Amino acid sequence: MRLGVQGAAAYRATTTTLIAGLTVLALLIASSDARAQSAPPSFADLVDQVGDAVVNITTSAIVAGRQGPGPMMPDGSPLEDFFNDFLDRRQNPEQQRRRSQALGSGFVISEDGFIITNNHVIEGADEILIEFRSGQELEATIIGTDPNTDIALLKVEADDPLPFVSLGDSESMRVGDWVMAMGNPLGQGFSVSVGVVSARGRELSGTYDDYIQTDAAINRGNSGGPLFNMDGDVIGVNTAILSPTGGSIGIGFAMSSEVVSNVVAQLREFGETRRGWLGVRIQDVTGDIADGLGLDEARGALVTDVPEGPARDGGIEVGDVILSFAGEEVDDTRELVRIVGDSGVNETVRVVVFRDGATQTLRVTLGRRETAEGLASSTGEGGGMLPEPSSGEVLGLTVTPLTDALRDQLDAQGVSGGLVIEQVDPASDAAEKGLQVGDIITEVAQQPVRSPEDFRDRIETAQEAGQKSILLLIRRAGNPRFVALSLED
């Protein structure tokens with residue numbers, strides 16, 4: 001009887017363990033099925049939903065060039081120049097002009113015919129032809145362009161309302177999310193490719209870059225086409241690829257819809273962009289610079305120059321660290337450029353800066369960047385008697401006061417005071433930080449310097465305060481930047 005009880009207990013334990021194991025297995029299978037189902041079995045429904053709003057774009061323009069191929073010969077052949085001159089003489093100026101065609105993609109964003117594409121697709125074109133998936137063809141006019149983001153807005157006139165798609169929320173996209181690209185790659189119109197978001201926040205070469213990277217196949221001709229999320233919203237405009245061969249290797253870039261939507265709204269309303277302008281030169285705050293300034297963390301945008309403009313009028317000074325702009329936290333210079341550009345012209349905003357160990361709130365009325373870009377910045381005026389030149393060695397730098405002769409030689413007419421670097425010890429921290437002969441040190445510890453003695457005094461004060469580094473403001477070829485040098489042996 002005792003053995004029977006033990007056997008029953010063992011049976012119940014075995015059964016419980018088996019049930020628990022089966023439960024875990026079932027959960028794993030369900031989880032696996034859920035993951036598998038996250039990949040759509042087909043993109044055909046999505047293509048049917050949005051495909052009619054995607055267009056092929058053909059542009060043409062008259063360009064200078066020889067009609068027909070010339071004779072084939074090795075590069076650098078002595079006969080090459082002879083044949084080129086001979087053919088140029090035989091052709092009159094009219095014959096040397098020819099019509100060039102280019103292909104691209106785009107998409108309709110309103111039933112009345114507004115179309116988004118890349119600026120480089122239509123730049124310089126005198127004819128723009130839009131081809132729809134239905135076979136309909138319409139000529140387009142340019143409403144406005146923005147070379148800074150490579151976005152252009154076109155318009156066609158149609159008898160009937162056109163199918164269109166909407167710009168979505170690129171900020172909600174996560175790395176690994178499915179995306180679908182449509183366009184006219186290599187002239188093979190209305191092609192579809194799929195992939196995932198490979199990365200976000202990519203920068204290429206523009207001031208306002210905010211690219212989504214994707215492995216969906218993008219090739220020449222895809223430029224200007226849409227990158228869709230699974231809801232059929234456009235979360236990017238396909239713009240560029242990274243490739244050593246010129247073809248897709250799975251590294252494509254689409255300008256985020258967050259940037260595009262703001263640009264298109266301005267182009268649609270004004271025919272041009274109207275970005276806010278603060279009027280400062282800035283650099284990122286490194287750990288050394290933060291220590292030199294007394295900042296708790298390395299963030300914000302450090303002001304290196306304040307020419308005439310909104311920032312100077314609003315009280316911003318060289319050496320200020322902009323921590324907040326218009327209520328948004330500023331992590332780095334790129335973030336500040338984006339926020340300022342998205343702000344309205346003539347808008348008055350609150351700017352929080354870190355200065356002399358404390359924060360201050362300033363009010364600045366913004367100008368317009370497009371207007372300011374064409375104006376020369378004021379560099380200020382020199383003045384005052386300079387001390388007699390006397391070189392000195394400080395922190396591995398041999399420096400001498402900036403004289404009139406050196407000022408002319410270094411093209412630093414607008415710089416008053418300062419020290420010119422004559423030598424840099426290659427084993428010093430200054431050399432490691434990239435300081436060079438000919439750099440002009442205008443401030444040390446955010447105070448002007450005119451002599452090596454000034455430089456040494458600032459260092460002594462910083463060391464007494466327990467600082468591990470000291471901040472220098474230097475100018476090289478007219479461009480200011482801050483450098484933090486270590487005070488530790």
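The legends below go through a set of close-up views of a predicted model, starting with the whole chain.

**About the model.** Local features need pLDDT of at least 70 and side-chain atom pairs count only at pLDDT 80 or more, while totals for chains, interfaces and linings use all residues. Residues are numbered from 1 along each chain as its sequence is written, and side-chain values use heavy atoms, with hydrogens and water left out.

**View 1. The whole chain holds twelve helices and 27 strands.** Helices (H or I, at least four residues) and strands (E, at least two) are DSSP runs, numbered from the N terminus. Of the 489 residues in the chain, 40% are buried; here buried means under 20% relative accessible area, exposed means over 50%, and partly exposed lies in between, with a 1.4 Å probe and protein chains only. The accessible surface comes to about 25500 Å², and carbon and sulfur atoms account for 49% of that. These areas come from the Shrake-Rupley method with a 1.4 Å probe, and for residues only the protein chains shown count as cover. A contact means heavy atoms within 4.5 Å. Among contacts between residues at least 6 apart in sequence, 62% join residues at least 24 apart.

**View 2. Six strands form a closed barrel.** Follow the strands in the order β7-β8-β9-β12-β11-β10, with antiparallel pairing. From one strand to the next, the twist averages 45 degrees. Helix α5 (residues 257–270) packs on the sheet, where it touches β11 (234–241) and β12 (252–256). The direction of α5 makes about 50 degrees with that of β12; axes are lines fitted to C-alpha atoms, for helices over the stretch in contact, and angles run from 0 to 180 degrees between N-to-C directions.

**View 3. Strands β8 and β9 run antiparallel.** Three bridges join β8 (residues 191–202) to β9 (residues 211–214). Two strands pair if DSSP finds at least two bridges between them. To find your place, look for Val-197, which stands opposite Thr-214 in β9.

**View 4. Four side chains make a nonpolar surface patch.** Trp-178, Val-192, Val-194 and Met-230 together give a patch of about 290 Å². Patches are made of residues with over 30% relative accessible area and no salt bridge; like charges are joined within 9 Å, and nonpolar side chains (Val, Leu, Ile, Met, Phe, Trp, Tyr) within 5 Å. Trp-178 belongs to strand β7 (residues 178–183) and is partly exposed, with a relative accessible area of 30%.

**View 5. Ala-301 is buried in the model.** This residue lies in strand β15 (residues 301–305) and has a relative accessible area of 0%. Leaving aside residues up to four places away in sequence, the neighbours that Ala-301 touches include Ile-282, Val-285, Val-321, Ile-322 and Leu-336. Ser-324 is 23 residues from Ala-301 in sequence, and their C-alpha atoms are 9.3 Å apart.

**View 6. Strand β23 pairs with both β22 and β24.** Five bridges hold the antiparallel pairing of β22 (residues 397–401) with β23 (residues 419–424). Here Thr-398 stands opposite Gln-423. The antiparallel pairing of β23 with β24 (residues 440–444) runs over two bridges, and Val-420 stands opposite Ile-440.

**View 7. A salt bridge links distant parts of the chain.** A salt bridge is a side-chain nitrogen of Lys or Arg within 4 Å of a carboxyl oxygen of Asp or Glu, and the whole structure has 22 of them. Side chains of opposite charge can pair when their charged atoms come close. In this view Glu-203 and Arg-334 meet at 3.3 Å, N to O. Glu-203 sits in the loop between β8 and β9, whereas Arg-334 sits in helix α8 (residues 333–342), 131 residues apart. Arg-334 is partly exposed, at 27% relative accessibility.

**View 8. Arg-338 and Glu-335 form a salt bridge in helix α8.** Their closest N and O atoms are 2.9 Å apart. Because the two residues are three apart in the helix, about one helical turn separates them. Arg-338 is partly exposed at 26% relative accessible area, and Glu-335 is partly exposed at 21%.

**View 9. Arg-299 and Glu-297 form another salt bridge.** The closest N and O atoms are 3.3 Å apart. Arg-299 is buried, with a relative accessible area of 17%, whereas Glu-297 is partly exposed at 48%.

**View 10. Six residues are linked in a network of salt bridges.** The members to look for are Asp-146, Glu-272, Arg-274, Arg-275, Arg-368 and Glu-370.
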